[in-house]
Amino acid sequence: MQLTFSGQRALIVGGSCDLGICLAKEMIQEALYPILTFRSEAGRKRIEKALEPFSSRWEAVRFDFADAVSLNLLFAHLREDLDFLVDLAQGDLEGLVASVEEDEFRPYFLQNISSRTEMLKRAARVFLRKRSGRLIFISSAAAERASAGQGFYAAAKLASEALYRNLGLELGGRGITTLTLRPGYIDAGRGRRYLQSREKEALGKVPIQRALTEKEVARSVVFFLSDIARGFNATQIVMDGGLTAGK
């Protein structure tokens with residue numbers, strides 16, 4: 001299938017992760033222009049090394065939810081020239097709800113919900129001026145399937161899903177649409193590290209009996225950015241091999 005896109009410039013928030021880099025490569029193959037964000041010097045170097053063969057067909061920009069100044073610098077760099085946003089960013093906080101201290105969960109929610117809201121507000125204003133925009137949030141099957149120790153992670157994902165859903169409801173009539181993708185276990189990054197110690201137990205609950213590949217997820221995201229998928233708006237799509245479909 002030949003995909004077409006209403007625009008070219010795509011911001012990948014959290015672009016230094018395995019999935020972000022894979023997604024950037026898939027975008028480049030479709031003649032899109034990815035702009036990947038990183039938080040640290042190590043993240044920048046990781047992006048540069050992975051995308052070195054695609055010189056001049058991508059950019060990397062520092063952005064950290066914990067740093068308000070970096071948000072201003074990011075949008076100054078974009079200069080109103082943005083067509084898509086794919087949000088992969090997510091902080092780590094695992095622990096039982098009754099045991100995690102306030103000085104841990106307060107900044108976690110501030111960064112992963114409040115700062116994300118500010119980013120979406122800024123992006124929405126860019127898209128409103130263009131009367132076009134597509135935003136995709138990469139959530140997790142953990143938002144649907146409760147697990148002890150993941151309450152904060154799931155809460156941040158669900159709150160972020162609500163933000164994206166409402167953006168699609170409020171701005172769909174002005175050419176701006178949203179989608180949340182909920183992947184299950186991915187054989188990349190954080191998911192790969194998790195599966196290394198719990199593969200048999202984890203994948204035993206998945207009907208297809210395997211983890212997703214990063215390329216499967218990346219190609220799905222590219223499809224959902226395309227014109228043919230614009231009818232998917234203000235909704236969640238589950239891509240977990242059937243993990244959350246059964247008991």
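**Aromatic pairs, salt bridges and the sheet**

Okay, let's start with one residue: tyrosine 108 counts as buried, at 5% relative accessibility. Buried here is under 20% relative accessible area, exposed is over 50%, and partly exposed is in between (1.4 Å probe, protein chains only).

Before going on, the small print. This is a predicted model, so local features need pLDDT of at least 70 and side-chain atom pairs count only at pLDDT 80 or more, while totals for chains, interfaces and linings use all residues. Residues are numbered from 1 along each chain as its sequence is written, and side-chain values use heavy atoms, with hydrogens and water left out.

Now the rings. How many aromatic pairs are there? The count comes to eight. Tyrosine 108 makes one of them with phenylalanine 109, an edge-to-face pair at 5.7 Å centre to centre and 65° between the planes. (Rings of Phe, Tyr and Trp, taking its six-membered ring, pair with centres within 6.5 Å; planes under 30 degrees apart are stacked, over 60 edge-to-face, the rest tilted.) Where tyrosine 108 is buried, phenylalanine 109 is partly exposed, at 23% relative accessible area.

Phenylalanine 224 and phenylalanine 232 give us another edge-to-face pair, with the centres 5.4 Å apart and the planes at 85°. Here phenylalanine 224 is buried at 10%, and phenylalanine 232 is partly exposed at 34%. Back to Tyr108 and Phe109 for a second: together with Phe105 and Phe152 they form one aromatic cluster.

On to charges. Searching the whole structure turns up 17 salt bridges, meaning a side-chain nitrogen of Lys or Arg within 4 Å of a carboxyl oxygen of Asp or Glu. I picked three to walk through.

Number one joins arginine 219 to glutamate 26, 3.2 Å from N to O. Why does this pair tie together parts 193 residues apart in sequence? Because arginine 219 sits in helix 7 (residues 214–225) and glutamate 26 in helix 1 (residues 18–29). Helices and strands are DSSP runs numbered from the N terminus (H or I, at least four residues, for helices; E, at least two, for strands). Arginine 219 is partly exposed at 29%, whereas glutamate 26 is buried at 9%.

Number two is arginine 129 with glutamate 80, at 2.6 Å, N to O. Arginine 129 is in helix 4 (residues 102–130), and glutamate 80 is in the loop between helix 3 (68–78) and strand 4 (84–87), so to speak a link between distant parts of the chain, 49 residues apart. Is arginine 129 buried or exposed? Exposed, with a relative accessible area of 57%; glutamate 80 is partly exposed at 39%.

Number three pairs arginine 116 with aspartate 87, where the closest N and O atoms are 2.6 Å apart. This pair also links distant parts of the chain, helix 4 for arginine 116 and strand 4 for aspartate 87, 29 residues apart. Arginine 116 is buried at 0%, and aspartate 87 is buried at 0% too. There is also a network: Glu26, Glu30, Lys215 and Arg219 are joined by salt bridges that share partners.

Next, the sheet. What is the strand order? It's an open sheet of seven strands running 3-2-1-4-5-6-7, with parallel pairing. Strand 3 (59–62) and strand 7 (235–239) are the edge strands, each pairing on one side only, where pairing takes at least two DSSP bridges. From one strand to the next, the twist averages 20°. Strand 2 (residues 33–38) pairs with strand 3 in the parallel sense over four bridges, and phenylalanine 38 has arginine 62 in strand 3 as its bridge partner.

What lies across the sheet? Helix 5 (residues 151–171) lies across strand 4, strand 5 (133–138), strand 6 (176–183) and strand 7, at about 150° to strand 6. Helix 7 packs on the sheet as well, touching strand 4, strand 5, strand 6 and strand 7, with its direction at about 155° to that of strand 5. (Axes are lines fitted to C-alpha atoms, for helices over the stretch in contact; angles run from 0 to 180 degrees between N-to-C directions.)

Last stop: serine 226, in the loop between helix 7 and strand 7. Serine 226 is buried, at 0% relative accessibility. Leaving aside neighbours within four places in sequence, serine 226 is in contact (heavy atoms within 4.5 Å) with Leu3, Thr4 and Phe5.
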